Amino acid sequence: MKKLVIFSGAGMSAESGISTFRDADGLWERHSLEDVATPEAWRKNPELVHHFYNQRRKQMLEVQPNLGHQLIAALNKNYTVSVITQNIDDLHERAGSQKVLHLHGEITKSKSSGPNQERSYYPIDGWELSMKNLCPEGYPLRPHVVWFGEEVPLLEKAAEIIRTCDILIVIGTSLQVYPAAGLIHIAPPNSEKVLIDPKANEMQIPLDFDVICENAGLGLKKWAQKKGLNY
């Protein structure tokens, strides 16, 4: 079967009711990224950082995968599907996708705030994490999230997946967060490339991308219909 790669961003989760950081009513309007999503923020006020991500975790548990998530999982019937997501929620997995790479971490997990951060990840029981939760080395656990200014550990692994794809579908991303946004440029020249987003016509994208100006669910449905797939 052909290799299909889904590259998803915040717009994918927004359809399930998860607020995004970059929209006018998004979370950055109420919390400066410098206050909650940088290594400096953690050093300055880790309690605030924990509060912020505890609320995000609680919200995630209250929402459900949307039609877009469900259609991506269904595509496994016809393709070998790999999902590369910039999102830190688990909605792709809850919809049934098996191969999901989280570029920017997973909010359901934690990691050490010490020097060996990427060695082990720890599941979070429920939705709350505090300074009382420590790793085996005694360092406070922090959210398993790639903050602004930090390296993206899985970037090269994501690149390897995209380099071998037959089809790349980019969904719900502003393509403004680098280095992740640069991944769309390394798909094979002869691969099929699609961008699905309500604001797709406003974006600067390579000319070899087909554009579907719809949300994730309807856009994927239209693409599938063109392929003769009935989901």
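Select strand S4, residues 105-112, together with S5. The two run antiparallel, joined by three bridges. This is a predicted model.

Zoom in on Lys-109. Across from Lys-109, in S5, stands Pro-123.

Now add strand S6 to the selection. The result is an open sheet of three strands, ordered S5-S4-S6, and the pairing is antiparallel. Color S5 (121-123) and S6 (141-145) as the edge strands. Each of these two pairs on one side only. Look at how the strands cross: neighbours in this sheet are turned against each other by 50° on average, direction ignored.

Next, show helix H4, residues 46-62. Which strands does H4 touch as it packs on the sheet? Helix H4 touches S4 and S6. The direction of H4 makes about 55° with that of S6.

Zoom out to the whole protein chain. Its secondary structure comes to eight helices and nine strands. The radius of gyration is 18 Å, and the globule rule gives 17 Å for 231 residues; these values are close, so the chain is as compact as a globular protein of that length.

Switch to the C-alpha trace. Along the principal axes, the trace spans about 55 × 35 × 30 Å.

Turn on a contact map. Take contacts between residues at least 6 apart in sequence: 65% of them join residues at least 24 apart.

Finish with the surface. The protein chain exposes about 11,600 Å². Carbon and sulfur atoms supply 49% of that area. Then color by burial: buried residues make up 48% of the 231 in the chain.

How values were computed: Residues are numbered from 1 along each chain as its sequence is written. This is a predicted model: local features need pLDDT of at least 70, side-chain atom pairs count only at pLDDT 80 or more; totals for chains, interfaces and linings use all residues. Side-chain values use heavy atoms; hydrogens and water are left out. Two strands pair if DSSP finds at least two bridges between them. Helices (H or I, at least four residues) and strands (E, at least two) are DSSP runs, numbered from the N terminus. Axes are lines fitted to C-alpha atoms, for helices over the stretch in contact, and angles run from 0 to 180 degrees between N-to-C directions. Contact means heavy atoms within 4.5 Å. The radius of gyration is taken over C-alpha atoms; the globule rule is 2.2 Å times the number of residues to the power 0.38. Buried means under 20% relative accessible area, exposed over 50%, partly exposed in between (1.4 Å probe, protein chains only). Accessible areas come from the Shrake-Rupley method with a 1.4 Å probe; for residues, only the protein chains shown count as cover.
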